[in-house]
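Here are some short exercises to work through with the model open beside you. Try each task yourself before you read its solution.

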Amino acid sequence: LKPFWLQKSGWRFPPMAPAMRAPSKGKSRERVLEREENRLVYALLPSVSLTVMSGGMLLSARQAIAMRQLGNAGALTQFLARLASAGALAEVIIAPIFGMLADKYGRRVIVPIGSLATMLVRGILFANPGKLWPVVLEQLVSIPLVTTFFATYRASLGDSLKGASFAKANAKLGVAAGISVMMGPLLTRLMMSRTSPRYCYLVSSLLAGISFAHLVAHFEESLPRERRKELQLSSMQPLSFLKLMRSRVLSRLMISTGLQTFTEGRNVTDIVSIHLLNHLSWTWSQINSFIGSYGASLIVSGLAVKSLLNRLGLRGFTTFCNSCNCLNWLAFAYAPPFNSFLSPSGAMYLGLAFGIPGGRKRDGVESLIMKVGNELGFGNGFISSSMMNLRALVNVIGPLLFSALYNLGARRKFPVAFLAAAGTVVAAEITLRTLSDKDLGLDRKDGAPQTPRKD
């Protein structure tokens, strides 16, 4: 109100400065989403870090112990490929079961199981360092149940966050995972230089135990009872992802993320390690450092996700990451023009540098799968486990495929495996390009969701 002596003067109070104005509804909603995003991230971050570090410690320790018993690199390559495929096959069978259980009974019951099982089987590994059967047991148990942990926490994120918010939260956890990917092999390197590799199993088991205790104490339920789904036995089977692929849009998105999966994890890290050992004559210490550097891609790309998504949208972000990964594998293959100005070792480091910005390549596609799947009535636990199930099927084929291509390339002195890896990334991008922004419910400017679309 104006004082009485100004009421007839026509004088008006100046408008409030921008900082004094009440926040708009859009900004208030963004702040609420950001607070929820941070709450979920901080509850999950320690266990994600410990789980990844626990697994990362065994990348070289497992190979070093198996090499002593198998005796040569060829036998080691075949053993590791079959081992990875066996673990992925167990994942194909087990993942959909736990996905449906998470939709029925909630996330809190399911999410600690992987850490508990991992602690037990890696303790068995420590107690039996001179035998191969505990190595096989550890893979058959830890691969599917750790995957269940990742699938369930992603479902938990999807319960509260959608679209770009889901991708940003997942990326923040990816930063923690990236640090742990680097720390695991470095810790292994330190321990293997001072003691037997078997003690890596002991430390790995202890880390899994701490992760289990944290989840039991701090992880909160994210799925309200009214949103839980009834158990469907038809969905608790290895090909559950085919239900999602009845939709034209979801089928192409699933194929795209499946192709991206070919160049991840044990599908390629074993052949990269063996390539560095046999063809470039690197030491295990150098290999541990190089493989550990993969974590830098998760850290850098995770930190950059928010700004990249704001600038490029979900589609442009995925294209950028795919481009980086394609250059990564072409450099590893020592293809032109890299072979004209770099040494083979230099090309490996340049390839690593290319791959670092694209470490979160699946985040955009996976957030679109969650969004479109929700619109079609699927539960987040089922969607997340179905994505993991498809990836597990790829992980059955991937190690065998790349092992065979690597051995073929070694005989013919041609980088068949690395060129095939680049080809899968290109195929993933082409598949995504067959879908329009309208198909995906995206605004061309910033990738924001449009009105839901029936498929």
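**Exercise 1. Decide whether G114 is buried or exposed, then find a residue that lies across from it.**

Solution. Step one: G114 has a relative accessibility of 3%, so it counts as buried (buried is under 20% relative accessible area, exposed over 50%, partly exposed in between, with a 1.4 Å probe and protein chains only). Step two: place G114 in helix α5, residues 113-127 (helices are DSSP runs of H or I with at least four residues, strands are runs of E with at least two, and both are numbered from the N terminus). Step three: look across to S142, which is 28 residues away along the chain, while the two C-alpha atoms are separated by 6.9 Å.

Two notes before going on: this is a predicted model, in which local features need pLDDT of at least 70 and side-chain atom pairs count only at pLDDT 80 or more, while totals for chains, interfaces and linings use all residues. Residues are numbered from 1 along each chain as its sequence is written, and side-chain values use heavy atoms, with hydrogens and water left out.

**Exercise 2. Work out how M245 and I255 are placed relative to each other.**

Solution. Start with M245, which sits in the loop between α9 (241-244) and α10. Its relative accessibility is 22%, so M245 counts as partly exposed. Now compare the two separations: M245 and I255 are 10 residues apart in sequence and 8.9 Å apart in space, C-alpha to C-alpha.

**Exercise 3. Find the backbone features in the loop between α13 and α14, then look at K413.**

Solution. It helps to recall that most residues other than glycine have a negative phi, and most peptide bonds are trans.

- Y334 lies in this loop and has a positive phi of about 60°, although it is not a glycine. At 27% relative accessibility, Y334 is partly exposed.
- P337 lies in the loop between α13 and α14 too. A cis peptide bond joins P336 to P337, with omega at about 5°.
- K413 belongs to the loop between α16 and α17. Its phi is also positive, near 55°, and K413 is exposed with a relative accessible area of 78%.

**Exercise 4. Describe the second largest pocket: what is its volume, and which residues line it?**

Solution. First, the volume: about 350 Å³ of space lies in this pocket. Here a pocket is an open set of points on a 1 Å grid over the protein atoms alone, where a 1.4 Å probe fits, with protein on both sides within 12 Å along at least five of seven lines; lining residues have an atom within 4 Å of a point. A volume is the space filled by probe spheres set on the points, which are joined across faces, edges and corners.

Next, the lining: 20 residues line the second largest pocket, and H275, H279, K413, F414 and P415 lie nearest its centre. The elements giving two or more residues are α13 (294-332), α14 (344-355), α16 (380-412) and α17 (416-433). The largest share, 4 residues, comes from α16.

Last, the chemistry: the lining has 16 nonpolar, 3 polar and 1 charged residues (Ala, Val, Leu, Ile, Met, Phe, Trp, Tyr, Cys and Pro count as nonpolar, Asp, Glu, Lys and Arg as charged, and the others, Gly among them, as polar).

**Exercise 5. Trace the salt bridges, and explain what the pair E264 and K361 ties together.**

Solution. Count first: there are 17 salt bridges, each a side-chain nitrogen of Lys or Arg within 4 Å of a carboxyl oxygen of Asp or Glu. Then take three of them.

- R107 meets D103 at 2.9 Å, N to O, and both residues are buried.
- E264 pairs with K361, with the closest N and O atoms 3.2 Å apart. E264 lies in the loop between α10 (248-261) and α11 (266-278) and K361 in the loop between α14 and α15 (363-375), so this pair ties together parts 97 residues apart in sequence. Both E264 and K361 are buried.
- R360 pairs with D363 at 2.8 Å between the closest N and O atoms. R360 is buried at 9% relative accessibility, and D363 is buried at 3%.

Finally, follow shared partners: R154, E264, K361, R362, E366 and R391 are joined by salt bridges into one network.
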